[in-house]
Amino acid sequence: MTARVLVAGIGNIFLGDDGFGPEVVRRLPPHGETVRVVDYGIRGMHLAYDLLDPWDALVLVDAVPDRGEPGTLAVFHAEPDPAGAAQLDAHAMNPDAVFASVRALGGTLPPTVVVGCQVDSVQEGIGLSDPVGAAVDPAVEAVVAVLARLVADPRESIADPPRPVADSHGLVVPSNRSEG
């Protein structure tokens with residue numbers, strides 16, 4: 001059995017390092033019929049509607065705060081707040097709001113893994129900072145590794161925490177659990 005996995009690059013390319021997710025998914029190699037890779041940018045409702053389809057897993061690629069030095073990668077399971085209220089905004093991307101929208105639309109969220117990078121700056125401007133730009137290729141490798149596990153054996157891979165990955169400074173980032 002192979003898993004159907006949705007890989008979602010999220011973030012605003014006009015806000016510096018917030019464009020990390022779209023840049024990573026742009027560089028991902030093709031993964032065949034069971035994996036769909038999409039740059040959602042800031043189209044949260046588009047992602048919410050796509051999550052109404054049956055997926056075995058979701059991989060979110062995003063810029064994240066409070067995960068260490070800029071450029072630090074983190075791979076962790078997201079555990080959405082089941083009580084979160086839907087905040088419908090077709091032109092914004094907040095994962096918690098997307099997850100709440102999916103539930104409000106009657107959908108069920110698949111197990112979710114986040115591949116995130118600590119931002120340096122989300123000021124207006126196009127382009128990633130040097131430390132976040134240096135983390136893009138290692139993030140591509142991390143997504144490829146996560147996908148290999150998910151596609152090979154979705155039941156075991158979802159239950160197991162993702163393996164640690166090295167950040168852009170060569171440091172190993174432990175897998176963490178997050179509340180979405």
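In the predicted model, 79% of the contacts between residues at least 6 apart in sequence join residues at least 24 apart. The chain holds six helices and eight strands, and their order from the N terminus is β-α-β-α-β-β-α-β-α-α-α-β-β-β. Of its 180 residues, 47% are buried. The accessible surface amounts to about 8,700 Å², with 54% of that area belonging to carbon and sulfur atoms.

Confidence varies along the chain. The mean pLDDT is 80, and 75% of the residues reach 70 or more. Among the elements, helix α1 has the highest mean pLDDT, at 97, while strand β8 (residues 176-178) has the lowest, at 35. Residues 86-91 have pLDDT below 50, and this stretch makes 13 contacts in the model beyond near neighbours in sequence. The pLDDT also stays under 50 over residues 157-180, where the model has 68 contacts beyond four places in sequence. Where pLDDT is low, the predicted coordinates should not be read in detail.

Helix α1 spans residues 20-27, and six of its eight residues are buried, so the helix is largely enclosed by the rest of the structure. The buried residues of α1 are F20, G21, P22, E23, V24 and V25. Two of these, F20 and V24, also appear in the largest nonpolar core, which has 28 residues; together with V5, V7, V59, V61 and V143, they touch the most other members. Two or more residues of this core come from each of β1 (5-10), α1, β3 (57-64), β4 (73-78), β5 and α5 (136-152). The largest contribution is that of α5, with eight residues. In soluble globular proteins, nonpolar side chains tend to be buried together.

The surroundings of V5 illustrate the contacts made by one of these core residues. Apart from neighbours within four places in sequence, V5 is in contact with T34, V35, R36, W55, A57, V59, L147, L150 and V151. A second core, separate from the one described above, comprises 20 residues, including L6, A8, L47 and L58.

Nonpolar side chains also occur at the surface, where I13, F14 and I126 make a patch of about 340 Å². I126 lies in the loop between β5 (112-118) and α4 (130-134). With a relative accessible area of 67%, I126 lies over the 50% cut-off and is therefore exposed.

Technical notes:
Residues numbered from 1 in each chain as written. Heavy atoms only, no water. Buried < 20%, exposed > 50% of the residue type's maximum accessible area, 1.4 Å probe, protein only. Helix = DSSP H or I, 4+ residues; strand = E, 2+ residues; numbered from the N terminus. pLDDT = per-residue confidence, 0-100. Contact = heavy atoms within 4.5 Å. Patch = residues over 30% accessible without salt bridge, like charges linked within 9 Å, V, L, I, M, F, W, Y side chains within 5 Å. Areas by Shrake-Rupley, 256 points an atom, 1.4 Å probe, with all protein chains shown as cover. Salt bridge = Lys/Arg side-chain N within 4 Å of Asp/Glu carboxyl O. Core = buried A, V, L, I, M, F, W, Y, C linked by side-chain atoms within 4.5 Å.
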